[in-house]
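Here is a set of short exercises to work through with the model open beside you. Try each task before you read its solution.

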Amino acid sequence: MWYIGSMPPQNPFLNTPYGAYLVREVPPPDDELTRVGPGTPGGEYLRRFWQPVVFARDLGEVPLRIRIMGEDLVVFRDKSGRAGLLQLHCAHRGTSLEYGLIGERGIRCCYHGWVYDVDGRILETPGEPAASTLKERLCQGAYPVHEFGGLVFAYMGPPHKKPAFPLYDTFDLPGYTLMPAGKFALPCNWLQIKDNAMDPVHTSFLHAISSGYQFTPAFGALAELDWEETPYGMMYIATRRIGDLVWVRVADFMAPNVHQFTRELEDATKEKPASRPVVIRWAVPIDDTHTWNMELAQVDPAWGFTPAQIGGPGFGQSDDRTYAERQRHPADYDAQTGQREIAVHALEHLASTDRGVIMFRKIVRDGIRAVATGRDPRFLLRTSAPPIPTACQDTVLRISPESDPEADKRLLRETGRKIALGR
Ligand code: FES
Ligand SMILES: [Fe+2]
């Protein structure tokens, strides 16, 4: 059931000790927000935007079978250098094109040799009579692709609604090189992965106070938090007092499923102007309960990292640690997948630090309803435009603390907003 126009019923607010018996029922997830398959409201919304589907580095001599938003597809680069994204099963009798032969132009099905161009047009039907017009009349299902930064993006929405490809100012940062970075799958729904992106308080607990310092000790200081809508989605502003210094960390959410954040290197030990080496991360659904995180990163060549080091998932982002380690020092992978395969919003008790999560879900829900009623979702780029200015940064300033703790918190919030919105 799609709860269009309303949200799933909220479970009772339990206020009875030893009261588990009273709240055993697990309601369904919010299908409107979380389902991604063809024809679902959420799936149709996500399909209106360009989505990365594979890294160019992974396109080799043989085709690659992939699954994106519940659709089985094959992706390849033909020998003339063009990338193609086709439905997996051959239009003739359904053999999987993952066994196809990549040619100078397009891909040849292994079974009866039909050849498909990257746009799905049939180039050859070698077993058919020479006079056959079948190849002029039939196409294999194909989606348009666009390559950028070492990623292959696909547009999987209605052909006549294809948007422009959005560029952000952080794609081109002086002194840094934009590189393909990590790709790692999580066995959970995409929405809870992106919930995490607008939930900065977890950086103090999950990544510092409760699990040991996973980034720098500065993350362990509790931040004053704020969130603001932007022309491309929204941002969080996390402002921490570290002695006489104030550290403002800003992360961006770019609708519908992208966010960018600064590297978790800031120790806030000295003043510095806005620094912006960023990781830009897409959460691309494989299906309702599995998601790819795919990243681009801005890298300072002076860091001396190899492409393999840049391409590896960060600490705790994937299942590359043992269960014993993950239990003792849980990180993002564990927190996000631990919310069930699909987090059940009806069982949540959202609190003051969840304002960003609430804003994020509203952006997604409004977008879903716009698409469902025949409109463009907000934040969709209709025509090509210059790079969009974004806010993501680390800035450290020297500001003496106020003696009154509440006044100091106000000072932090005001400082954070000024820095974040002043760009
Ligand atoms: S099944 Fe592909 S050519 Fe026959
Ligand atoms: Fe995190």
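**Exercise 1. Find the loop that holds Pro-256, and describe the peptide bond that leads into this residue.**

Step 1: Look between β15 (245-254) and β16 (258-262), since the loop joining these strands contains Pro-256. Strands here are DSSP runs (E, at least two residues) and helices are runs of H or I with at least four residues, all numbered from the N terminus.

Step 2: Check the bond from Ala-255 to Pro-256; the peptide is cis, with omega near 5 degrees. For background, most peptide bonds are trans.

A word on the source: this is a predicted model, in which local features need pLDDT of at least 70 and side-chain atom pairs count only at pLDDT 80 or more, while totals for chains, interfaces and linings use all residues. Residues are numbered from 1 along each chain as its sequence is written, chains are lettered from A and ligands numbered from 1 in the order in which they are written, and side-chain values use heavy atoms, with hydrogens and water left out.

**Exercise 2. Work out which residues hold the iron ion (ligand 2), and with which atoms.**

Step 1: List the donors, meaning N, O and S atoms within 2.8 Å of the metal (3.2 Å for Na, K and Ca); water is not among the atoms, so sites may look incomplete. His-202 and His-207 each give NE2, and Asp-332 appears twice with OD, at 2.1 to 2.3 Å.

Step 2: Write the spacing of the donor residues along the sequence, which is H-x4-H-x124-D.

Step 3: Place two of the donors in the fold. His-202 belongs to helix α5 (residues 201-209) and Asp-332 to helix α8 (residues 332-337), so this pair ties together parts that are 130 residues apart in sequence.

Step 4: Judge the geometry. The four donor atoms subtend angles of 57 to 148 degrees at the iron ion (ligand 2), which makes the arrangement irregular. Four donors would count as tetrahedral if all angles were between 85 and 135 degrees; four count as square planar and six as octahedral if opposite donors are over 155 degrees apart and all others between 65 and 115, and anything else is irregular.

Step 5: Check accessibility: His-202 and Asp-332 are both buried. Buried means under 20% relative accessible area, exposed over 50%, and partly exposed in between (1.4 Å probe, protein chains only).

**Exercise 3. Describe the largest pocket by its volume, then by its lining.**

Step 1: Note the volume, about 440 Å³. On a 1 Å grid over the protein atoms alone, a pocket is an open set of points where a 1.4 Å probe fits, with protein on both sides within 12 Å along at least five of seven lines; lining residues have an atom within 4 Å of a point. Points are joined across faces, edges and corners, and the volume is the space filled by probe spheres set on them.

Step 2: Turn to the lining of 20 residues; Arg-263, Glu-264, Val-279, Gly-314 and Phe-315 lie nearest the centre of the pocket. Two or more lining residues come from each of β18 (278-287), β19 (290-299) and α6 (307-311).

**Exercise 4. Identify the partners of β19, and decide how enclosed this strand is.**

Step 1: Begin with β18, which pairs with β19 in the antiparallel sense over eight bridges. Two strands pair if DSSP finds at least two bridges between them. The hairpin from β18 to β19 passes through two residues, and Ile-280 faces Leu-296 in β19.

Step 2: Go on to strand β12 (residues 177-186), joined to β19 by eight bridges and antiparallel to this strand. Here Met-179 has Ala-297 as its bridge partner.

Step 3: Count burial. Eight of the ten residues of β19 are buried, so the strand is largely enclosed by the rest of the structure.

**Exercise 5. Locate Tyr-18 and Phe-379, and give the phi of each.**

Step 1: Tyr-18 sits in the segment before α1 (31-34). Its phi is positive, about 50 degrees, although this residue is not a glycine. At 88% relative accessibility, Tyr-18 counts as exposed.

Step 2: Phe-379 lies in the loop between α9 and β20 (393-398), with a positive phi of about 75 degrees. Most residues other than glycine have a negative phi.
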